[in-house]
Amino acid sequence: MIYKVIYGNPDVSSEAVVNEKKLKLIDQEYLRNVIFDDCLLKKEKEYLILRIKLKDKRGFYFGFGDKVGPLNRKGRRYIFWNTDDFIHHPGAEPLYKSFPFFIYISKNMKFGIFTDYPGYMEIDLDSEGKGEIEFKVRGEGFNQYIILEEKVKKILKQYLYLTGKNVAFPFWSLGYQQSRWSYSSQSEVLQIAKKFRDKNIPCDVIWLDIDYMEGYKIFTWNKENFSNYKLMLEKLHNMGFKVSAILDPGVKVEKNYEVFEEAKDRYFLKDTSGKDFEGAVWPGRVRFPDFCENKVRKWWARKVNKLLEDGIDGFWDDMNEIAIFASEKDIENAKEKLKNIKLEDGIKVANVIGEIGEIKKRGRGDEIVHLSGKKHYKLKNVYGFNMIRATFGGFPKNKRKLIITRSAYSGVQRYGGVWTGDNHSWWEHILLEIQRINSLSMVGVFNSGFDVGGFGGNVEPELMVRFMQLGVFMPLFRNHSAIGTRRQEPWSFDTEYEELLKDVIVYRYKLIPYLYTSYMLGILEDIPLIAPIFYHFENDEESYQVFDQFMVGKSLLVAPVYNPGVTKRMVYLPKRALNFNNKIFVRKGWNLVDAPLSKIPHFILDGSIVFMQDEVQYLKNSYNDVLTAHVVAYNDKAVGYLYEDDGESYNYKKGLYNLYKVVYDKGNVQFLTKRNGFLHRKRKIKFKIYRKSGLDEFELEF
């Protein structure tokens, strides 16, 4: 059941909620008597504060999406104020995204709370140990949705009923993707592509960072370095590559620049005097479209469509928190502060320099006014959400899109996915990304990924391998690194490591039938591809304390290595499973397993069937004609699924797909058709049956 409570007088809408038909509108008194022990609402100056006391304070808190820190969010105050913060240390707060939804789990109760307010907000999850939750917004009011269900899966499904189902990415987006800030010329891009094909290293997507543009001006091409970009894109497509390009919101202030001339005094955010707000970003002096306005989103979509016509296949919306290096006033203030500073001032020097260094993180909440007249502090967290919404609108309606955004808000899953921003080439960030991706899944964002290898810093070979071994299971598998750092393409290391990295990428392509089947079933049924173990094993109390492993679909458990020199690790299995590295059964519970650099510990759960294929260089909207079914049947019984569709349209929403349930029972195999809405492609299936008594093999046509 979904309950809605309205606190105060909400005067802004996030547009995150798309469906309220099934909910029950209740008041604060009902909430106090039925769901919690006590709740108190009060106003303190410009803040509205709600404090709730739980009936049971010994529970777990999961959610909030792209936040650093433990998977269990208990004991900390979180800030929702989308901000570009380059250093993701354990206490970094806030970051790029706001997903003010969490699920509380204890022995006696389970519930989800979505606090819908698009402006500045803080949520305290029992930081004083009193069993209290506090919600604090800078505004007149907010809507809160409480979801009561017996199962975590049902809570998440109800949340997605409220905020919208995930949109499916194209089939080819599951392939390996190569990026860097920046591939700075068309010749370099083509050289990268050629090297992948010459070395027989699979790859589907090459990404273009800001240097493809003319002077970093959005919706332009660099006339010198990308003088024949259409031919470049044609060649890449002929080689089996797709191309994704970056989009930033800042529009350069420049006379006769078409994008600027069309938008000035019409589509840009304002300052408090009523003029177009200006700041400094990559192109220099820029202005920012107000994506909260439908007319602005339509204008932006037309510009996006032109890049699609050029041959671009996907986009990543960046710098959309909004990230601003400085404003005119910032520069004037900095000059004034530095004018009289001298070494004799001691600590004052450090304070002034530090304050200037923090300019980039300023939220501009009171400096910016939206075209609606609303102050930016009330709408800041949905700026990136509305940018990806605008980018989404530039595509043909029935064409799947690869669009990711750095800044986001609840409901973003309706338009695209996210990546976790500027991580680093640190061992600690492998564990960090495990927790962030799992947390994103628990707020309903199923299309997610991170910069494999780390964006900032110089990655070492062993770290690169372990990063890649984690990335191979992610929905978005993209290697990306920053300017000035060492190269991270698979051939950038000694031959030994190049072969290891190639093997990892090849393995990704072998897994595609299982990954795509699990991914699409998840899109249809509101089940994340990547999930914490407890999501699938709610009755297993031990699983709630496992933070460094995760499930891929319902059948595959992964336990990454995230420390250097480690060749063994402890793994928790919620049931018997097959160690897929050595094909040996492992008992339920905690086990010490081998983890040499050439392997990532991963397991197929007993009773499962996982479909795989042979290596390909890139994806073509379908699986191979020959598949291998790995049947893990310790006691001669197993079930699996195989899904197929066109891989490029939204026809799956109309039921135009095939879904087969495959049942293995004591040597017999049945293919049961659950859905027959797409032209079936006949294939040869090689069965490998892993049983208590040993391995059996046979083939079938299907």
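1. Let us start with Lys-306, which is partly exposed in this predicted model. Its relative accessible area is 45%, and that value falls between the cut-offs of 20% for buried and 50% for exposed. If you want to find Lys-306 on screen, look in helix α6, which covers residues 294-310. Lys-306 also belongs to a patch of positive charge on the surface, together with Arg-266, Lys-295, Lys-298 and Arg-302.

2. A patch of another kind is worth a look next. Phe-86, Ile-87 and Trp-426 form a nonpolar patch on the surface, and their accessible area together is about 250 Å². Ile-87 sits in the loop that connects β6 (77-80) with β7 (97-98). With a relative accessible area of 35%, Ile-87 is partly exposed.

3. Now to the sheets. One open sheet is built from three strands, and you can trace them in the order β16-β19-β18. The pairing here is antiparallel. At the edges stand β16 (251-252) and β18 (278-281); each has a single partner strand, so one side of each has no neighbour in the sheet.

4. How many bridges join β16 to β19? There are two, and the strands run antiparallel, with β19 taking in residues 284-287. For a concrete pair to click on, try Val-251, whose bridge partner in β19 is Arg-287.

5. Another open sheet has six strands, in the order β27-β28-β29-β34-β31-β32. The pairing in this sheet is antiparallel too. Which strands stand at its edges? They are β27 (530-531) and β32 (584-586). Each of these has a single partner strand, so one side of each is left without a neighbour in the sheet.

6. Staying with β27, you will find two bridges joining this strand to β28, which spans residues 550-552. The two strands run antiparallel. A handy pair to display is Ile-530 and Val-552, since the former stands opposite the latter, which is in β28.

7. Please also check the backbone at two cis peptide bonds. One joins Trp-181 and Ser-182, with omega at about 5 degrees. Ser-182 lies in the loop between β13 (177-178) and α3 (186-198). Another joins Glu-321 and Ile-322, where omega is about 15 degrees. Ile-322 is placed in the loop between β20 (314-317) and α7 (328-339).

8. Asp-126 deserves a moment as well. Its phi is near 60 degrees, which is a positive value in a residue other than glycine. You can find Asp-126 in the loop between β10 (121-125) and β11 (132-138). Is Asp-126 buried or exposed? At 5% relative accessibility, Asp-126 counts as buried, because buried means under 20% relative accessible area.

9. Finally, turn to Asn-200, where phi is near 55 degrees, again a positive value in a residue other than glycine. Asn-200 is located in the loop that runs between α3 and β14 (205-208). Its relative accessibility is 41%, so Asn-200 counts as partly exposed.

Technical notes:
Residues are numbered from 1 along each chain as its sequence is written. This is a predicted model: local features need pLDDT of at least 70, side-chain atom pairs count only at pLDDT 80 or more; totals for chains, interfaces and linings use all residues. Side-chain values use heavy atoms; hydrogens and water are left out. Patches are made of residues with over 30% relative accessible area and no salt bridge: like charges are joined within 9 Å, nonpolar side chains (Val, Leu, Ile, Met, Phe, Trp, Tyr) within 5 Å. Accessible areas come from the Shrake-Rupley method with a 1.4 Å probe; for residues, only the protein chains shown count as cover. A salt bridge is a side-chain nitrogen of Lys or Arg within 4 Å of a carboxyl oxygen of Asp or Glu. Lys and Arg count as positive and Asp and Glu as negative; His and the chain ends are not counted. The place of a charge is taken as NZ of Lys, CZ of Arg, CG of Asp or CD of Glu. Helices (H or I, at least four residues) and strands (E, at least two) are DSSP runs, numbered from the N terminus. Buried means under 20% relative accessible area, exposed over 50%, partly exposed in between (1.4 Å probe, protein chains only). Two strands pair if DSSP finds at least two bridges between them.
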